[in-house]
Amino acid sequence: MTGEAMLFLFAVIMAALLLFMMVIMFSDLECDYINPIDLCSKLNQFVLPEMGAHAFLFLMFLVNGSWMAMLLNLPLVAYNVKKVMDGRHMYDATEIFRTISQHKKECFIKLGFYLILFFFFLYRMIVALIAADS
């Protein structure tokens, strides 16, 4: 398996893992299955690793020369960097009910973004595997 195929395989797995992580947690909060303090502590454990994994994937696309994949990932990387620079990347238990609609909207936008990327990465992985066989 070529390096490009391995990179896109990693990207497919990462996109699949990130697809539903936060949306399920926010729906649990709305239905009172989880309290705000537990929600924020669970989500805050995944915020920086998610951003780090996405930035690592972006850098790997840059190093590999997969310009289209890199450009597709650029908006979310820029958004994540802006959130970290502004100090808005962690969830606060005291304000979660006031800002839940905003956080949930952001999660659904990320969900759609990761879904589109999942199918793009899957397509590129298949193309790389076919090209490696030829």
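**A surface patch and the largest pocket**

At a relative accessibility of 31%, methionine 60 counts as partly exposed, because this value falls between the 20% limit for buried residues and the 50% limit for exposed ones. The model described here is predicted. Methionine 60 belongs to helix 3, which spans residues 36-64. Together with Phe10 and Phe56, Met60 makes a nonpolar surface patch of about 260 Å².

The largest pocket encloses about 210 Å³ of space. Its lining consists of Tyr79, Lys83, Arg88, Met90, Tyr91, Asp92, Glu95, Ile96, Thr99, Gln102, His103 and Glu106. Two helices, helix 4 (67-86) and helix 5, each supply at least two residues of this lining. Helix 5 provides the largest share, with five residues.

Among the lining residues is Glu106, which is found in helix 5 (residues 96-133). With a relative accessible area of 11%, glutamate 106 is buried, because its value lies under the 20% cut-off. When residues up to four places away in sequence are not counted, glutamate 106 touches Tyr79 and Lys83. Tyr79 and Lys83 also appear in the lining of the largest pocket. Phenylalanine 121 lies 15 residues from glutamate 106 along the chain, and the C-alpha atoms of the two residues are separated by 22 Å.

Notes: Residues are numbered from 1 along each chain as its sequence is written. This is a predicted model: local features need pLDDT of at least 70, side-chain atom pairs count only at pLDDT 80 or more; totals for chains, interfaces and linings use all residues. Side-chain values use heavy atoms; hydrogens and water are left out. Helices (H or I, at least four residues) and strands (E, at least two) are DSSP runs, numbered from the N terminus. Buried means under 20% relative accessible area, exposed over 50%, partly exposed in between (1.4 Å probe, protein chains only). Contact means heavy atoms within 4.5 Å. Patches are made of residues with over 30% relative accessible area and no salt bridge: like charges are joined within 9 Å, nonpolar side chains (Val, Leu, Ile, Met, Phe, Trp, Tyr) within 5 Å. Accessible areas come from the Shrake-Rupley method with a 1.4 Å probe; for residues, only the protein chains shown count as cover. A salt bridge is a side-chain nitrogen of Lys or Arg within 4 Å of a carboxyl oxygen of Asp or Glu. On a 1 Å grid over the protein atoms alone, a cavity is a set of points where a 1.4 Å probe fits but cannot get out, and a pocket is an open set with protein on both sides within 12 Å along at least five of seven lines; lining residues have an atom within 4 Å of a point. Grid points are joined across faces, edges and corners, and a volume is the space filled by probe spheres set on the points.
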